[in-house]
Amino acid sequence: MSRVCEITGKRFMVGNNVSHSKRRTKRRFDVNLFKKRFFLVEENRWINLRVSASGLRMINKVGLYAALKSAQEKGFITKF
């Protein structure tokens, strides 16, 4: 499984390591992901999600069910 947030769809970014002599080599900026367990009240069950820190903030702001619906519409998750 790749390191992708299931709520926001965030992935790694690519950038450069820059040395003191300004020589550039490629590097990856990984996403701040967590494996979290949420209780879905509408279906009375627990679900496991791989979410980023910004995904957690989004769940806190709009609610779990609304965040899952928007992620499903955008194609980040197929079912929940």
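Which residues of helix α2 (residues 64–74) are buried? In this predicted model, they are Leu64, Ala67, Leu68, Ser70 and Ala71. Viewed down the axis of α2, these buried residues fall within an arc of 165 degrees, so they line one face of the helix. That set of residues packs against β3, β4 and α1 (53–62). After α2 comes Gly75, which has a positive phi near 90 degrees.

Leu64 illustrates this packing. The residue belongs to helix α2. Its relative accessibility is 12%, and because the limit for a buried residue is under 20%, Leu64 counts as buried. Contacts of Leu64, leaving out residues up to four places away in sequence, are made with Phe38, Phe39, Leu40, Ile47, Leu49 and Ile59. Leu64 also lies 9.7 Å from Ile7, C-alpha to C-alpha, with their positions 57 residues apart in sequence.

The strands that α2 packs against were examined next. Strand β3 (residues 33–40) and strand β4 (residues 45–52) run antiparallel. They are joined by 8 bridges. The hairpin of β3 and β4 has 4 residues between the strands. Asn44 lies in this loop. Asn44 is not a glycine, yet its phi is positive, at about 55 degrees. Most residues other than glycine have a negative phi. Asn44 is exposed, with a relative accessible area of 61%.

A second residue with a positive phi occurs elsewhere. Lys22 is not a glycine either, and its phi is about 65 degrees. Lys22 sits in the loop between β1 (13–18) and β2 (24–29). With a relative accessible area of 58%, Lys22 is exposed. The cut-off for this class is over 50%.

Ser52 gives a view of strand β4, in which it lies. Is Ser52 buried or exposed? Its relative accessibility is 2%, so Ser52 counts as buried. Beyond residues up to four places away in sequence, Ser52 touches Cys5, Thr8, Lys10, Val31, Asn32, Leu33 and Phe34.

Aromatic contacts were then searched. A pair of aromatic rings is described by the distance of the centres and the angle of the planes. How many aromatic pairs does the structure hold? There is 1. The partners are Phe39 and Trp46, with 5.2 Å from centre to centre and 65 degrees between the planes. The pair is edge-to-face, because planes over 60 degrees apart fall in that class. Across the hairpin, Phe39 stands opposite Trp46 in β4. Phe39 is partly exposed, at a relative accessible area of 34%. Trp46 is likewise partly exposed, at 47% relative accessibility. Phe39 is also among the residues that Leu64 touches.

Trp46 has a charged neighbour as well. The charged end of Arg37 is placed over the ring of Trp46, 4.2 Å from the ring centre. Another arginine is placed over an aromatic ring at Phe12. There, Arg28 lies over the face of Phe12, 3.7 Å from the ring centre.

Arg28 takes part in a charge pair too. Side chains of opposite charge can pair when their charged atoms come close. The whole structure contains 2 salt bridges. One of them links the side chains of Arg28 and Asp30, with an N to O distance of 3.3 Å. Arg28 has a relative accessible area of 45% and is therefore partly exposed. Asp30 is also partly exposed, with 48% relative accessibility. Arg28 thus appears both over the face of Phe12 and in the salt bridge with Asp30.

Glu43 and Arg45 also form a salt bridge through their side chains, at 2.7 Å, N to O. Glu43 is partly exposed, at a relative accessible area of 36%. Arg45 is partly exposed at 29%. Asn44, in the loop between β3 and β4, is the exposed residue with the positive phi described above.

Terms used:
Residues numbered from 1 in each chain as written. Predicted model: local features only at pLDDT ≥ 70, side-chain atom pairs only at ≥ 80, totals over all residues. Heavy atoms only, no water. Pairing = 2+ DSSP bridges. Helix = DSSP H or I, 4+ residues; strand = E, 2+ residues; numbered from the N terminus. Phe/Tyr/Trp six-rings, centres within 6.5 Å; stacked < 30°, edge-to-face > 60°. Buried < 20%, exposed > 50% of the residue type's maximum accessible area, 1.4 Å probe, protein only. Lys NZ or Arg CZ within 6 Å of the ring centre and 35° of its normal. Salt bridge = Lys/Arg side-chain N within 4 Å of Asp/Glu carboxyl O. Arc of directions from axis to C-beta. Contact = heavy atoms within 4.5 Å.
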